[in-house]
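The following exercises concern helix geometry and aromatic contacts. Work through each task before reading its solution.

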Amino acid sequence: MAEDRYYDGKTATAHRPLIRIEGEELVIASAEVAELDRWPFADIRVIDQNKVTGGMNFGRLSDPAPRLLLHDSPARQALLAAQPQLATWKAREAKRGFVVGATWTIVGLAIGAIAFFGWRHGAAALTQFVPKSWEKRVGEKVHKAVIEGFTLCKGEDGTTALRTLTDKLLPDGLEISLDVIDVKFPNALAIPGDHVVVTSGLIEMATSPDMVSGVLAHEIAHLELRHPTQGIISNLGVAATVSIILGGSGAGDLAYLAAILSYSREMETEADYRGIELLREAGLKSDGLAEFFKVLAEGEEEKGGGMLPDWLSTHPGLPDRAKYAATDGAGKPAMSDAEWQALRRICRKT
Amino acid sequence: MTPDQSLRLQPSPARTPAADNASPPPPVQPPVQGGSNIAQPAGPRTGFVYDGKLGELYGIFLPNLLWTILTLTIFRFWAKTRMRRYLWSRTSLNGDRFEYTGTGGEMFLGFLIVMPVYLLFIFGFQAAYYGLDISDAVLVGVQIVGAFLIFYLTFVAQYAAQRYRLTRTLWRGIRGGMTGSAWAWGFKATFFALLTGITFTLALPWTQMRLLSDRLNHSYFGDAKAQAELKSGPVFVTYIVGAVCAVAGTFLVIFLGGMIVAATAMALSKVSASSGSLEMNLAANVSVMIAFALMYVAIALIYVLAFSFYQVAIAREVAAKLQLGGLRFATPVTPGRVMSRYVGNILIVVFTLGLGLPIAIHRTMLFLANNIEVIGEIEGSEITHANLERPKVGEGLLEAFDPGIL
C-alpha cells in the first residue's frame with residue numbers, strides 16, 4: 001500500500017508516478033509515458049498525510065481533482081525544500097480549526113450576552129407594537145387552557161367582595177376578568193388579554209384581606225404594564241436563538257412552552273412598585289404584599305424550601321422583596337370583615 | 001460527458017461471464033433462504049480495507065467534543081467533516097484510498113439557509129395555534145399536513161445528503177455524483193410511507209426496495225452509473241417473520257413486565273401507605289421507572305434480533321443485484337454479525353455516556369469493510385470524470401430534520 005500514486009482527475013486510472021524536478025516545476029512521468037503532467041510548485045497544496053504510512057497527498061490549487069500521493073523520496077524532499085510552506089500544512093490546518101472554534105465560541109457568548117441583557121429591553125419596546133386585539137385572541141386561548149379542568153369558585157358574596165376590591169384598584173382604561181379556581185397551591189397569574197386567575201389556596205393562606213389586595217394589585221400592575229406579552233416576546237426570542245443553535249432537536253419547542261407566563265426579575269420589581277402605587281391611589285393599605293411575603297417566607301423556612309410556586313421562586317429573594325414592598329400601614333383596609341369572611345368562603349357551594 | 005454515455009462501462013465479457021446478456025442485468029436465481037448459493041460472477045475478489053487507528057480517532061473526537069461544547073454545538077459541522085476526512089482517508093479499495101472533500105463551512109452554510117425556513121415552519125404552527133381564530137377541526141387538519149410536511153422534508157433531506165456525500169467523495173481522482181430530483185423522490189417516499197401505513201407495514205419491503213433502487217440507480221462514480229433492480233420477493237418472508245416476532249415479543253414483554261411492575265408497585269404502595277414513609281413511596285416510583293427502562297431495552301433488543309435477518313436479506317439482495325463500473329458485489333454478512341454490531345454499539349455508547357462513540361465508529365467501519373466483497377476490477381481508463389451537479393452547500397435540510405452522528 002505504501003506505493004506512490006498519481007491520478008489525473010480525468011479518468012480513474014491509477015498511475016505509478018516517476019517524479020523529477022525541472023526548475024520550479026514537478027514533472028510527473030510513468031514507466032510508459034515520458035510526461036503525464038507538469039505541476040508548478042506554486043500551484044501545489046497538501047491535502048493530508050497518513051501518519052502510519054507517511055504518504056503525503058498533494059493536490060493543485062487550480063484544479064480540484066488531480067492527486068499525487070508521494071512517500072518519502074528525494075523528489076519529495078526537493079519539493080518540500082523548494083516550497084517550505086507545504087511542510088507546515090498541519091499547523092495551518094490546526095490553526096484554521098482553532099480559529100473556527102474560537103470564533104464561534106465568542107459569537108456564542110455574544111449571542112448569549114445579548115439574549116441575557118439586551119433582548120429583554122428590546123422586548124419591552126416591541127411590546128408597544130403588539131395590538132391589543134392580538135393580545136386578546138392569544139389570551140383567550142391561554143386563559144382557557146389555564147382554567148380548563150379546574151373548578152371555578154363562584155360563591156356569590158365572595159365574588160362581589162372581590163369585584164368591589166378589583167374595581168377600586170383598576171387604573172383608568174383597564175378592564176380585567178378575574179377567576180378564582182379551586183386549587184390548594186397558593187398562586188396568582190396574570191394572563192395576556194387582561195385575565196387574572198387566583199387560586200383558593202392563596203386566599204386561604206392570606207391572614208388578612210390586605211394580603212389579597214396586595215397580590216391583586218401586583219397582578220393588575222403586570223397587566224397594565226403588558227408584562228405577559230413582553231414575557232412571551234422576550235422568551236420567544238430566547239427560544240428562537242436556542243433553536244437556531246441546536247437545530248431541530250425539539251429544544252426549541254420546550255423553550256417555547258417555558259416561554260408562556262414567566263417574567264424576569266425586572267418585570268417583578270416593576271410590578272411590585274406599580275402595585276403599591278395602585279393601592280395608594282385607591283386609598284388602601286399598601287403593606288399587604290410585604291406581610292404576605294413574610295408569611296410565605298416563614299412557610300418556606302418550615303418546609304425547608306423547594307415548595308414555592310413558580311411565580312415566587314423566579315422572583316427576587318423573598319426577604320428582599322418583603323423589605324422594599326414594606327412601605328407603610330397607612331390607608332383603609334381592603335374590605336370589611338363581612339366581605340373578607342365571604343371571600344374566604346368563595347369556594348364553598350352553599 | 002452525459003450520464004447516458006456510460007454504457008461502455010458494462011462489465012467486459014473476459015471478466016464477467018454473466019455480462020453476455022448485457023442489458024437487462026444478468027438474471028439472478030431466486031436466493032434460497034439462509035443460503036448463499038446465489039450465482040456469483042467470476043473474477044478476483046477484493047474488498048474495502050479500513051486501516052484507521054482507534055487512538056487517532058480519539059485524537060479527532062476529543063477536540064471535536066470540546067469545541068462542540070464550547071461553541072454550543074455550532075462546531076458540529078466542522079467536527080463531522082474532520083471525522084469524515086479521517087474515515088474516508090483510512091478506507092481503500094484496490095490499494096487506492098478514498099478522500100472526503102467536503103468542508104465544515106459549506107455544511108454550516110447549508111444549515112444557515114434551511115434554518116430560517118425551519119423556524120418559520122415551527123413557530124408558524126405555534127403562532128397559528130395561538131394567534132388565529134380558526135376552528136379546532138381546521139387546526140387538526142393543519143397539524144396533520146404539518147406532520148406530512150416533516151415526513152416529506154426528511155425524505156428530501158436524505159436524498160440530498162446522499163448527493164452531497166457522493167459529490168464529496170473522491171477515489172482515484174474521480175468523484176461520485178447523483179442525478180434525479182430530491183423533491184420528487186421525497187414525494188414518492190412520502191406516498192410510500194402512507195401506503196406502508198395503510199397496509200399495516202405489509203408493503204414495507206416493497207416500498208423500501210423501490211426507494212433504495214431509486215437511490216442506487218441515480219448514483220454515479222464518475223460517469224459510471226450504479227445499477228440495481230432490487231426485488232422485494234427475496235426479502236419479504238424474512239420481513240414478515242421478523243415483524244411477527246417483533247410484535248409478539250413486544251406484547252410478551254409488555255404483558256410480563258406490566259404484571260411484574262403492577263405487582264411490585266402494589267406491594268410497595270401497601271407498605272408505604274401503612275408506614276406513611278416518603279422513602280418507601282420514592283422507592284416504589286424509582287423501581288417502577290427502572291422496570292420501564294428495562295422493558296424499553298428489552299423491546300429494543302427484540303427488534304434488533306427480529307429484524308437482523310431482514311437486514312441481512314436486504315444486504316444480500318443489494319449485493320447480488322448491484323453493479324458499478326464493471327464491479328459486482330457479494331456479502332458474507334450474517335444475522336449474528338448484524339446483531340453484534342448494533343447491540344455492541346448501543347451498549348458501548350450508552351455505558352460510556354457517549355465517550356465510546358469512536359469505538360462504535362471503529363467497529364462500524366470494520367463491519368462495513370469485512371462485509372462488502374468486491375468482485376472484478378475497475379478498468380480505470382474507462383471511467384471518466386462526469387460533470388454531474390455538485391451542490392454548493394451541504395446537508396442543511398438533513399441537519400434540521402434528521403440530525404445524525406455522522
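**Exercise 1.** In this predicted model, compare the expected span of helix 3 of chain A (residues 132–147) with the distance between its end C-alpha atoms.

*Solution.*
1. Helix 3 of chain A has 16 residues.
2. The expected span is 1.5 Å times one less than the number of residues, so at 1.5 Å a residue this helix should span 22 Å.
3. The end C-alpha atoms of the helix are 22 Å apart, which agrees with the expected span.

**Exercise 2.** State which residues of helix 3 of chain A are buried, and describe the phi of G149(A).

*Solution.*
1. The buried residues of this helix are E135(A), V138(A), G139(A), V142(A), H143(A), V146(A) and I147(A).
2. G149(A) follows helix 3 of chain A and has a positive phi, near 85°.

**Exercise 3.** Classify two of the aromatic pairs in the structure, F75(B) with W78(B) and F191(B) with F192(B).

*Solution.*
1. Over all chains there are 24 aromatic pairs.
2. For F75(B) and W78(B), the ring centres are 6.3 Å apart and the planes stand at 25°, so this pair is stacked.
3. Both partners are buried: F75(B) has a relative accessibility of 1%, and W78(B) has a relative accessible area of 15%.
4. For F191(B) and F192(B), the centres are 6.1 Å apart and the planes stand at 45°, so this pair is tilted.
5. F192(B) is buried, at 6% relative accessible area.

**Exercise 4.** Identify the aromatic cluster that contains F111(B) and the arginine over the face of F111(B).

*Solution.*
1. The cluster consists of F98(A), W104(A), W67(B), F75(B), F77(B), W78(B), F108(B) and F111(B).
2. R76(B) lies over the face of F111(B), 5.0 Å from the ring centre.

How values were computed. Residues numbered from 1 in each chain as written. Chains lettered and ligands numbered in written order. Predicted model: local features only at pLDDT ≥ 70, side-chain atom pairs only at ≥ 80, totals over all residues. Heavy atoms only, no water. Phe/Tyr/Trp six-rings, centres within 6.5 Å; stacked < 30°, edge-to-face > 60°. Buried < 20%, exposed > 50% of the residue type's maximum accessible area, 1.4 Å probe, protein only. Lys NZ or Arg CZ within 6 Å of the ring centre and 35° of its normal. Helix = DSSP H or I, 4+ residues; strand = E, 2+ residues; numbered from the N terminus.
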